[in-house]
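Work through the exercises below with the sequence and the coordinates open. Each task is followed by a solution in steps.

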Amino acid sequence: MSLYPPPKIIEAKVWTSLPDEFRIKDNSPEWASANKPGRQIDSFLEGPSFDREGNLWVTDIPYGRIFRIAPNGEWTLVTQYDGWPNGLKIHKDGRVFLADYKNGIMCLNPETGQVEPVIWHRHSEHFRGCNDLVFDTQGRLYITDQGQSGMHMPNGRVFRYDFEAERLDLLIDTGQSPNGLVLNEHEDVLYVAMTRGNSVWRLPLMSDGGVSKVGVFLQLSGGLSGPDGMALDQAGGLWVAHAGNGCVWGFSETGEPQYRLKSSTGMTTTNLAFGGDGNSELFIAESDTGNILRVRVGTPGRLMHSHTE
């Protein structure tokens, strides 16, 4: 049952597609055995993020590749390494940070293509499988450690890393598959998508550095997977990519559904980023097809750390 009127439906159309020269045909990589069993995977795109020059960076999880897409839609393979890169965010100094399921948090030099580890354990315990990451305005990094957590094993974790103090703080370890994450405008709340729980949690950030009174902000329904990547607009609205449902939901600051951006090409809408003209367009990764969708929305996106002074 829904207590709200149906949201406005807008079709998100293909902006650009992974060129055939980069599609690895007739292959079932190791990553696919757990995530897409029995299927041949030519790519699985994630982590869209814009740099200051308007290039869109994306990851290809199963083949350890990082691509840069120019504003005209031209693709460049920046690097390929031994890893499963998922989330990608850009520091304001230009460094590219990766949430790598196999290796932890990695840093990519955008000039040389070299990838090096930054954080790979806490108290000598390795991560279970990092999924996504986001910077706050102070340059601290929030990380989801998803692993194979879910309703059967709610032990997914969320961390915060302070680069200056070199300190990794554990915020929660009871997540039902923590995935995408984003901070609210005042950075006193962290929203975390719980994919297998089909919900978005609200984590109030306390003055002592911890969290308290964690609750469900959104409860979604339907789809073959659940909420994945998220983005915030300048009005405080939350945009949630719903993998397995072929859409992105647009919610108000109070959680009222306002928009449904429907994919025109596939069902695996995993992640999204604001960019384009006036930072008012959403670019959506449709992972199974290797397409990047684009749709104009009414409110500009909140500037990411990469675009701050």
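**Exercise 1. Cysteines**

How far is the sulfur of Cys 107 from the closest cysteine sulfur, and in which residue does that sulfur lie?

Solution. The model is predicted, and local features are taken only where pLDDT is at least 70.
- Step 1: the closest cysteine sulfur to that of Cys 107 is in Cys 130, at 14 Å.
- Step 2: a disulfide needs two cysteine sulfur atoms within 2.5 Å, so the separation of 14 Å is too far for a bond.
- Step 3: starting from Cys 130 leads back to Cys 107, again at 14 Å.
- Step 4: the count is therefore 0 disulfides.
- Step 5: for burial, Cys 107 has a relative accessible area of 14% and is buried; Cys 130, at 1%, is buried too.

**Exercise 2. Aromatic pairs**

Determine the geometry of the pair Phe 97 and Phe 163, and state which parts of the chain it ties together.

Solution.
- Step 1: the count of aromatic pairs in the model is 14.
- Step 2: in the pair of Phe 97 and Phe 163, the ring centres are 5.6 Å apart and the planes meet at 75°. Planes over 60 degrees apart count as edge-to-face, which is the class of this pair.
- Step 3: Phe 97 belongs to strand E7 (residues 96-100), while Phe 163 sits in the loop between strand E14 (156-162) and strand E15 (167-175), so the pair links parts that are 66 residues apart in sequence.
- Step 4: Phe 97 is buried at 0% relative accessibility, whereas Phe 163 is partly exposed at 25%.
- Step 5: for a second pair, take Tyr 191 and Phe 217, with centres 4.8 Å apart and planes at 45°, so this pair is tilted. Tyr 191 is in strand E17 (residues 189-194) and Phe 217 in strand E19 (residues 215-219), so the pair joins parts 26 residues apart in sequence. Both Tyr 191 and Phe 217 are buried.
- Step 6: Phe 97 and Phe 163 also belong to one aromatic cluster with Phe 135 and Tyr 161.

**Exercise 3. A charge over a ring**

Which residue lies over the face of Trp 84, and at what distance from the ring centre?

Solution. The residue is Lys 102, at 4.7 Å from the ring centre of Trp 84.

**Exercise 4. The surroundings of Thr 79**

Is Thr 79 buried or exposed, and which backbone oxygen lies 2.8 Å from a polar atom of its side chain?

Solution.
- Step 1: Thr 79 is part of strand E5 (residues 75-80).
- Step 2: its relative accessible area is 11%, so Thr 79 is buried.
- Step 3: the backbone oxygen in question is that of Gly 113.
- Step 4: beyond four places in sequence, Thr 79 touches Gly 64, Arg 65, Ile 66, Leu 108, Gly 113 and Val 115.

**Exercise 5. The largest nonpolar core**

How many residues does the largest nonpolar core have, and which strands each supply at least two of them?

Solution.
- Step 1: the core has 15 residues.
- Step 2: those with the most contacts inside the core are Tyr 191, Val 200, Leu 218, Met 230, Leu 238 and Val 240.
- Step 3: at least two core residues come from each of E17, E19, strand E20 (226-232), strand E21 (238-243) and strand E22 (247-251).
- Step 4: outside four places in sequence, Leu 218 is in contact with residues including Val 200, Leu 238, Val 240 and Phe 251.

Methods
Residues are numbered from 1 along each chain as its sequence is written. This is a predicted model: local features need pLDDT of at least 70, side-chain atom pairs count only at pLDDT 80 or more; totals for chains, interfaces and linings use all residues. Side-chain values use heavy atoms; hydrogens and water are left out. Buried means under 20% relative accessible area, exposed over 50%, partly exposed in between (1.4 Å probe, protein chains only). Rings of Phe, Tyr and Trp (its six-membered ring) pair if their centres lie within 6.5 Å; planes under 30 degrees apart count as stacked, over 60 as edge-to-face and the rest as tilted. Helices (H or I, at least four residues) and strands (E, at least two) are DSSP runs, numbered from the N terminus. A charge sits over a ring if NZ of Lys or CZ of Arg is within 6 Å of the ring centre and within 35 degrees of the ring normal. A polar contact is a pair of N or O atoms within 3.5 Å; within protein, one must be able to donate a hydrogen and the other to accept it, and residues adjacent in sequence count only if both atoms are side-chain atoms. Contact means heavy atoms within 4.5 Å. A nonpolar core is a set of buried Ala, Val, Leu, Ile, Met, Phe, Trp, Tyr and Cys residues joined through side-chain atoms within 4.5 Å.
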